[in-house]
Amino acid sequence: MSSLDELYRQVILDHYRNPRHRGVLTGPHVHAEGLNPSCGDEFSIDLKVEDGTIADVAIQGRGCSISQASGSMMTEAIVGKTLHDARLLTTNFKLMMGIDVGADPLDPERPGAVLGDLEALQGVRKFPVRIKCATLPWTTLADALDQAET
Ligand code: ZN
């Protein structure tokens, strides 16, 4: 295992063991739930949206380390971002996973499009069966964003 793989493994394990933004929100928020039947992963998200920006986020879930770490990393990446930038990030993440989303790769220098710690999950694309684990939080987020925009 290369030192970069080892670093990525540590980042994933840290998020799995110490998930960020875990819990539920009170007050007005949108809520979405997702399921990955092939692995048994469950994920739910609460978003508080103020003036088109994600003001707060809370997640709950259970399942494999990839799905839960991905969700934890996602919360850190999206809090404080506009709904638009959260969608950009969703696209970038899926592209990193090798999923054809019918969009061109976004400029990684673009503010809002930076994946940061999420790059630790790029090795998952080598294991097709786990890609749905990594993307579960993001497909759930997309549902929540749809609700927030209506
Ligand atoms: Zn899984």
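What follows is a short working chat about this predicted model.

Reader: Let's start with the metal. Which residues coordinate the zinc ion?
Author: C39, D41, C64 and C133 do. The cysteines use SG, and D41 is listed twice through OD. Distances run from 2.1 to 2.8 Å. This is a predicted model, so these are computed values.

Reader: What spacing do the donors follow along the chain?
Author: C-x1-D-x22-C-x68-C.

Reader: Where do C39 and C133 lie?
Author: C39 is in the loop between strand 1 and strand 2, and C133 is in helix 4. They are 94 residues apart in sequence, so the pair ties together distant parts of the chain.

Reader: Is C133 buried or exposed?
Author: Buried, with a relative accessible area of 1%. C39 is partly exposed, at 36%.

Reader: Now the strands. How many bridges pair strand 1 and strand 2?
Author: Seven, in the antiparallel sense. Strand 1 covers residues 30-36 and strand 2 covers 41-50. N36 has D41 as its bridge partner in strand 2. D41 is also a zinc donor.

Reader: What sits in that hairpin?
Author: There are four residues between the strands. G40 takes a positive phi there, near 85°.

Reader: And how many bridges join strand 2 to strand 3?
Author: Nine, and again the strands run antiparallel. Strand 3 is residues 53-62. D46 pairs with A58 in strand 3. This hairpin has two residues between the strands.

Reader: Which residue there takes a positive phi?
Author: D51, near 50°. D51 is not a glycine. Most residues other than glycine have a negative phi.

Reader: Is D51 buried or exposed?
Author: Exposed, at 82% relative accessibility.

Reader: What about H21?
Author: H21 also has a positive phi, near 55°, and is a residue other than glycine. H21 lies in the loop between helix 1 and strand 1. At 32% relative accessibility, H21 is partly exposed.

Reader: On to the core. Which residues touch the most other members of the largest nonpolar core?
Author: I45, L47, I78, F93 and L121. The core holds 37 residues. Helix 1, strand 1, strand 2, strand 3, helix 2, helix 3 and helix 4 each supply at least two of its residues. Helix 4 gives the largest share, eight residues.

Reader: What does I78 touch?
Author: I45, L47, I54, V57, A86, L89 and L141, leaving out residues up to four places away in sequence. Two of these, I45 and L47, are also on the list of core residues with the most contacts.

Reader: Helix 4, then. How many residues has it, and what does it span?
Author: It has 21 residues. From first C-alpha to last, helix 4 reaches 31 Å, close to the 30 Å expected.

Reader: Where is the kink in helix 4?
Author: At T135, shortly before the proline P137. The kink is about 45°.

Reader: Which residues of helix 4 are buried?
Author: I131, C133, A134, T135, L136, P137, W138, T140, L141, A142, A144 and L145. So the kink residue T135 and the zinc donor C133 are both on the buried list.

Reader: What do they pack against?
Author: Strand 1, strand 2, strand 3, helix 2 and helix 3.

Reader: What does I131 touch?
Author: M97, I99, V124 and R125, leaving out residues up to four places away in sequence. I131 is buried, with a relative accessible area of 14%. Its C-alpha atom is separated by 19 Å from that of Q10, 121 residues away along the chain.

Reader: Back to the start of the chain. What should helix 1 span?
Author: At 1.5 Å a residue, its 15 residues should span 21 Å. The end C-alpha atoms are 21 Å apart, which agrees.

Reader: Which residues of helix 1 are buried?
Author: Y8, V11, I12, L13 and H15. What covers the buried residues of helix 1 includes helix 2.

Reader: Last one. Where is S72, and what is it in contact with?
Author: S72 is in helix 2, residues 65-78. Leaving aside neighbours within four places, S72 is in contact with H15, N18, P19, R20 and I59. H15 is one of the buried residues of helix 1. S72 counts as buried too, at 0% relative accessibility.

How values were computed:
Residues are numbered from 1 along each chain as its sequence is written. This is a predicted model: local features need pLDDT of at least 70, side-chain atom pairs count only at pLDDT 80 or more; totals for chains, interfaces and linings use all residues. Side-chain values use heavy atoms; hydrogens and water are left out. Buried means under 20% relative accessible area, exposed over 50%, partly exposed in between (1.4 Å probe, protein chains only). Contact means heavy atoms within 4.5 Å. Two strands pair if DSSP finds at least two bridges between them. A nonpolar core is a set of buried Ala, Val, Leu, Ile, Met, Phe, Trp, Tyr and Cys residues joined through side-chain atoms within 4.5 Å. The expected span of a helix is 1.5 Å times one less than its number of residues. The bend at a residue is the angle between axes fitted to the seven residues ending there and the seven starting there. Donors are N, O and S atoms within 2.8 Å of the metal (3.2 Å for Na, K and Ca); water is not among the atoms, so sites may look incomplete.
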